[in-house]
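The exercises below are meant to be worked with the sequence and the coordinates side by side. Try each task before reading the solution that follows it.

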Amino acid sequence: ALARGGGSREHQRLKADDARKKKDERERQAEEASAARRVEEAAAGAPRRAEDAATATERRAAEVGEAQAAQEQEGRELQERRANAMRRREEDAAERRMAEVEAAHAREEEEEAVRRVAAAAEAVPARVAANAR
């Protein structure tokens, strides 16, 4: 029976199992090789990716630094504008006070001049009478 039909059903089943096991083993080895290749490629690319990440981090740090410097500069300029505005207000207030003082002096001088003119006017009749004598 073995020579004629190529073996019993049991033998054919064992051959099929053996072929399936060999096929499974080949697939497993191919998957392992593929996984090993992926690990190697990832490992080879890791330094470059780390360098890229470091470069990106440095670039972000530089951008943050520039933004901070710009913000600080804007803050200094704002402070300077405030200080200038306050100084101008103080100068304007001092000028107003000086103008008020000058105006008060001018009023006093005017009032004094009016009093002198009035006193002189009162004295005129007395002088005229004295001159007549």
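A residue counts as buried when its relative accessible area is under 20%, as exposed when that area is over 50%, and as partly exposed in between. The model used throughout is a predicted one.

**Exercise 1. Find which residues of H2 are buried, and state what share of the protein is buried.**

Step one is to apply the cut-off of under 20% relative accessible area along the helix, which leaves Gly45, Ala56 and Ala93 as the buried residues of H2. Step two is to turn to the whole protein, where buried residues make up 3% of the 133 residues. Step three is to add the surface itself: the accessible area of the protein comes to about 11900 Å², and carbon and sulfur atoms account for 54% of it.

**Exercise 2. Describe the overall form of the protein, and decide whether it is spread out or a compact globule.**

Begin with the secondary structure, which consists of two helices and zero strands. The radius of gyration is 55 Å, well over the 14 Å given by the globule rule for 133 residues, and the protein is therefore more spread out than a compact globule. The box filled by the C-alpha atoms, taken along the principal axes, points to its dimensions: roughly 185 × 30 × 10 Å.

Next, take helix H2, which covers residues 9-132. From its first C-alpha to its last, this helix of 124 residues reaches 175 Å, close to the 184 Å expected at 1.5 Å a residue. Finally, locate its kink, which is about 35° and lies at Ala46, shortly before the proline Pro47.

**Exercise 3. Trace the salt bridges made by Asp17, and explain why the spacing of the partners along the helix suits such pairs.**

First, identify the partners. The side chain of Asp17 meets that of Arg13 in a salt bridge with an N to O distance of 3.1 Å, and Asp17 also forms a salt bridge with Arg20, where the closest N and O atoms are 2.2 Å apart.

Second, consider the spacing. Arg13 and Asp17 are four residues apart in H2, about one turn of the helix, while Arg20 and Asp17 are three residues apart, again about one helical turn. An α-helix has 3.6 residues a turn, so residues three or four places apart point the same way. Side chains of opposite charge can then pair when their charged atoms come close.

Third, check the exposure: Arg13 is partly exposed at 41% relative accessible area, Asp17 is partly exposed at 21%, and Arg20 is partly exposed at 45%.

Fourth, widen the view, since Glu10, Arg13, Asp17 and Arg20 are linked in a network of salt bridges.

**Exercise 4. Say how many salt bridges the structure holds, and examine the one between Arg116 and Glu112.**

The structure holds eleven salt bridges. In the pair of Arg116 and Glu112, the closest N and O atoms are 3.7 Å apart, which falls within the 4 Å cut-off for a salt bridge. Both residues lie in helix H2, four residues apart, and Glu112 is partly exposed at 32% relative accessibility.

Notes
Residues are numbered from 1 along each chain as its sequence is written. This is a predicted model: local features need pLDDT of at least 70, side-chain atom pairs count only at pLDDT 80 or more; totals for chains, interfaces and linings use all residues. Side-chain values use heavy atoms; hydrogens and water are left out. Buried means under 20% relative accessible area, exposed over 50%, partly exposed in between (1.4 Å probe, protein chains only). The expected span of a helix is 1.5 Å times one less than its number of residues. The bend at a residue is the angle between axes fitted to the seven residues ending there and the seven starting there. The radius of gyration is taken over C-alpha atoms; the globule rule is 2.2 Å times the number of residues to the power 0.38. Accessible areas come from the Shrake-Rupley method with a 1.4 Å probe; for residues, only the protein chains shown count as cover.
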